[in-house]
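Work through these exercises with the model open beside you. Try each task before you read its solution.

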Amino acid sequence: MIRGGPGYAAAAFVLLFIFGPLIVVFARAGGGTLPGPADWAAVRFSVTQATLSALFSVILAIPVSRALARRKFPGRNMLITLLGAPFILPVIVAVLGLLAVFGRSGILNSLLDWAGLPTVQIYGLHGVVLAHIFFNLPLATRIFLQAWQQIPAERFRLAASLNMSAGQVLRRLEIPMIRATAPGAFIVIFAICLSSFTVALTLGGGPRATTVELAIYQAFRFDFDLGRAAVLAVIQTVLAGIVALFALKYSRGEGFGAGLDRVVRRWDAQSAGLRITDAAVMILTALFLLLPLVLVVINGINGWAKMPDQVFTALWVSLVISLFSTALALVLALAIALAALHRGWVEVIGLLGIVSSPLVLGTGLFLIVHPYADPARLAFVVTGLVNALTALPFVLRVLIPSLRGSEKNFGRLADMLGLTGWARLRFLLLPRARRALGFSAGLAAAFSMGDLGVITLFADPGSATLPLQMYRLMGAFRMEAAAGAGLLLLVSSLGLFWIFDKMGRGDVDA
Amino acid sequence: MKYLAFATGLFAATAAVAETPVLTIYTYESFVSDWGPGPAVEKAFEETCGCDLQFVGAGDGAALLGRLKLEGKRTKADIVLGLDTNLTAAALETGLFAETAVSADYDLPVAWNDPVFVPYDWGYFAFVQNADLANAPTDFKALADSDLKIVIQDPRSSTPGLGLLMWVKAAYGDEAPAIWEGLSDNIVTVTKGWSEAYGLFLEGEADMVLSYTTSPAYHLIAESDASKTAAKFSEGHYMQIEVAGKIANTDQPELADKFLQFMVTDAFQSIIPTTNWMYPAVTPEAGLPEGFETLIQPEKALIVPADQADAVRDAALAEWLEALSK
């Protein structure tokens with residue numbers, strides 16, 4: 001195997017970057033303040049909604065990815081790419097799209113009203129969970145799809161020659177894979193939803209839906225109680241860390257042995273009933289995920305001509321930051337993933353980036369930078385770094401199973417051949433991880449495009465990113481132009497994602 | 001020889017840059033955006049000051065104060081522009097602000113005699129609705145009794161959200177919790193900021209949105225769209241007065257005073273109505289832009305004095321959370 005040294009260094013860097021600012025905030029506050037009862041209510045609500053959101057996203061992703069994995073049809077690749085779109089949309093754009101379907105005057109309620117049925121109310125815990133499923137079902141589906149593709153085609157051939165039924169294939173091949181994959185998908189989505197703010201508040205319908213991040217806002221803005229803000233940030237981080245450790249413990253997969261990487265053909269799933277079920281699952285999912293997007297696109301087209309030039313300048317700023325943070329995320333993730341092959345818990349460190357409160361992280365970084373340099377000058381670097389850390393969990397979740405599979409299946413052969421260090425990476429691990437690398441680079445790039453992150457504390461008025469410029473347009477009543485900018489963001493994020501993902505797939509998926 | 005001339009020119013240019021004094025103003029994000037007052041204000045002031053005016057944008061008013069507190073005495077700001085009367089007492093407590101001699105004949109609905117902060121614009125909070133809304137309510141009680149749907153902002157993350165909290169408290173005092181309980185079934189949702197709420201309203205998610213009496217002027221003037229109005233409430237409307245203040249240990253005290261003085265002249269004030277969509281603190285010679293005369297005029301201006309704002313705010317927030325969490 002490859003030694004974990006660089007990986008531990010990368011993990012240490014991540015830890016330093018996350019906890020350094022926290023410590024600085026504590027130092028500035030002169031210690032922590034204990035959270036009040038309202039804050040604990042926020043913690044409970046955050047955990048409840050994140051658990052439900054992650055659970056449903058993972059459970060729903062199983063049939064969807066299964067249908068996608070065992071069916072071939074024209075436009076399948078396009079559909080898979082498009083299904084990833086909600087995940088990379090800026091939150092407010094996605095929320096408006098979602099409400100155009102499920103909101104008070106949305107399509108669903110208009111249809112119900114037309115049919116004389118009672119209308120449905122989206123605001124509440126169920127609305128929060130629905131929105132989080134909308135965002136994260138695509139991610140969960142892709143993680144499972146990746147895992148499904150790691151079951152070698154030879155296993156299914158063997159199953160077919162043994163005349164196994166669909167049910168038997170499920171038991172022998174698919175359930176072990178699901179058990180190995182689900183906990184990892186769960187923790188990533190749990191972590192994303194735990195620090196949710198805009199979605200939870202807007203769809204939660206009021207202060208009942210107060211999350212920890214909102215409690216942090218209150219501590220910071222209302223009371224300027226940095227100590228309480230930092231304690232809440234620590235609680236959020238530790239919670240995610242504990243859940244991650246717990247879940248990783250249950251996600252040990254055994255691997256399926258090596259195959260020849262042939263295209264999977266499924267002899268077990270040819271019955272008409274299964275075909276219809278799969279088609280129904282895919283159509284429903286596509287409707288649920290794509291209808292809001294179609295509305296975002298239509299709105300965006302209407303606003304396109306109203307977009308001022310500054311939006312395009314902002315696009316370039318965002319592209320540069322995105323490519324920088326993608327490169328950084330990949331390097332960090334690769335190092336950490338190699339170390340995680342030795343010690344699984346290292347991955348948990350990589351996960352913490354996404355739960356660290358942007359407000360507290362930003363404040364801490366600001367306190368560190370401010371005495372020495374103008375924060376606006378470092379806006380690029382800081383944003384790129386933070387975006388890389390936020391993307392790290394997805395990249396790791398996709399990369400680690402791939403590397404682990406290669407080591408399990410070819411590790412001994414590579415050991416016998418004396419393939420170690422750089423050579424092992426170059427000739428064994430990287431080529432076999434190509435698909436995972438491409439996909440995760442796409443995720444990282446797209447995610448970084450849409451993220452507002454800590455930019456607000458560091459923002460330099462002259463060089464706004466695309467999401468920031470979009471918010472500025474909204475803040476200046478220019479909702480239509482903002483919708484145009486939202487579409488531009490959607491197209492550029494998806495474009496980046498598609499390019500990286502395509503590079504990863506190469507020609508293997510003939 | 002040519003090179004020498006070039007080098008001399010370069011040197012001279014560098015020296016000139018070094019001599020140009022820089023005035024740094026911290027303000028909120030929407031002020032510096034390309035669609036806010038920032039760019040026009042910068043151009044107008046630089047024409048007269050022989051200086052370089054630099055804006056630094058930071059979130060909204062509350063975030064601005066937060067940033068200032070983080071920076072403390074080391075702040076690079078010479079002026080902070082964009083606090084409102086809910087924040088000025090807390091801002092004063094930092095001890096970072098200095099008194100100024102600048103004053104003007106303000107056109108504010110209330111008397112202004114703060115020795116530190118200079119107002120530059122003001123507005124009334126109001127619910128904005130479509131002009132054709134049937135049975136538009138004329139006070140909070142009528143709104144609470146109706147089945148109209150409203151979108152508001154969270155007072156913990158948004159300035160208008162906090163404004164509404166203060167409005168209800170100023171109008172109803174001890175009765176405020178009952179008003180909030182009445183409103184709870186009218187509130188479709190609570191958003192993080194103004195943009196989200198206004199966006200939801202425009203998408204048709206609610207009949208009314210908390211904004212300003214001046215918001216319909218944007219639609220009328222910039223989009224020739226007269227379909228939005230603000231609801232006039234008989235309790236009176238809560239005011240927001242936005243102010244700027246000079247940082248005590250600025251290295252440009254004269255320039256800072258010069259800016260504050262400039263701020264209350266026509267050159268600055270005439271930019272405000274159609275970029276910040278608020279009322280100018282001093283009405284320009286030429287009057288308000290055409291369209292502003294169509295806006296509703298509240299009969300009573302409500303405002304909690306700056307020195308009581310903190311205490312009222314904390315009590316009102318507790319009541320709000322209690323009433324809406326049931």
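**Exercise 1. Decide whether A:Asn163 is buried or exposed, then place it in the chain.**

Solution. Count the neighbours first. A:Asn163 has 9 C-beta neighbours inside 10 Å. The cut-off for exposed is 12 or fewer, so A:Asn163 counts as exposed. Keep in mind that this is a predicted model. Next, find the position. A:Asn163 sits in the loop between helix H8 (153–161) and helix H9 (166–194) of chain A. Last, check the backbone. The phi of A:Asn163 is positive, about 60°, although the residue is not a glycine. Most residues other than glycine have a negative phi.

**Exercise 2. Find where A:Phe224 lies and state its exposure class.**

Solution. Start with the loop. A:Phe224 falls between H11 and helix H12 (226–249) of chain A. Then count. A:Phe224 has 17 other C-beta atoms within 10 Å, which makes it partly exposed. Finish with the torsion. A:Phe224 has a positive phi of about 45°, and it is not a glycine either.

**Exercise 3. Describe how helix H2 (residues 37–70) of chain A packs against H11(A).**

Solution. Take the geometry first. The axes of H2(A) and H11(A) are 8 Å apart, and the angle is about 155°. Angles over 145 degrees count as roughly antiparallel. H2(A) is therefore roughly antiparallel to H11(A). Now list the residues. H2(A) brings A:Asp39, A:Ala42, A:Val43 and A:Ser46 to the contact. H11(A) answers with A:Val212, A:Leu214 and A:Ala215. Sort them by class. Five are nonpolar, one is polar and one is charged.

**Exercise 4. Work out which helices of chain A supply the side that touches chain B.**

Solution. Begin with the totals. In chain A, 44 residues are in contact with 42 residues of chain B. Then go helix by helix. Helix H5 (91–102), helix H10 (198–204), helix H11 (212–222), helix H16 (358–369), helix H20 (455–458) and helix H21 (466–475) of chain A each give at least two residues to this side. H11(A) provides the largest share, six residues. Close with the chemistry. The side of chain A that touches chain B has 27 nonpolar, twelve polar and five charged residues.

**Exercise 5. Trace the surroundings of A:Leu295.**

Solution. Locate the residue. A:Leu295 belongs to helix H13 (residues 272–304) of chain A. Count its neighbours. There are 19 other C-beta atoms within 10 Å, so A:Leu295 is partly exposed. Buried would need 20 or more. Now set aside neighbours within four places in sequence. A:Leu295 is then in contact with A:Gly97, A:Ala100 and A:Val101. For a distance along the chain, take A:Leu284. It is eleven residues from A:Leu295, and their C-alpha atoms are separated by 17 Å.

**Exercise 6. Summarise the overall build of chain A, and relate it to the domain record.**

Solution. Start with secondary structure. Chain A has 22 helices and zero strands. Test compactness next. The radius of gyration is 23 Å, close to the 24 Å from the globule rule for 510 residues, so chain A is as compact as a globular protein of that length. Its C-alpha atoms fill a box of roughly 70 × 65 × 45 Å along the principal axes. Buried residues make up 55% of the chain. Look at sequence separation too. Of the contacts in chain A between residues at least 6 apart, 87% join residues at least 24 apart. Now the record. An unreviewed UniProt entry places "domain: ABC transmembrane type-1" at residues 43–247 and 315–500 of chain A. Residues 43–247 are 80% helix and 0% strand, with end C-alpha atoms 20 Å apart.

Definitions and conventions
Residues are numbered from 1 along each chain as its sequence is written. Chains are lettered from A and ligands numbered from 1 in the order in which they are written. This is a predicted model: local features need pLDDT of at least 70, side-chain atom pairs count only at pLDDT 80 or more; totals for chains, interfaces and linings use all residues. UniProt positions are given in the numbering used here, feature names are shortened, and annotations may be inferred rather than shown by experiment. Helices (H or I, at least four residues) and strands (E, at least two) are DSSP runs, numbered from the N terminus. Two residues are in contact if their C-beta atoms, placed from the backbone, lie within 7 Å. Ala, Val, Leu, Ile, Met, Phe, Trp, Tyr, Cys and Pro count as nonpolar, Asp, Glu, Lys and Arg as charged, and the others, Gly among them, as polar. The radius of gyration is taken over C-alpha atoms; the globule rule is 2.2 Å times the number of residues to the power 0.38. Axes are lines fitted to C-alpha atoms, for helices over the stretch in contact, and angles run from 0 to 180 degrees between N-to-C directions. Angles under 35 degrees count as roughly parallel, over 145 as roughly antiparallel, 65 to 115 as roughly perpendicular and the rest as oblique.
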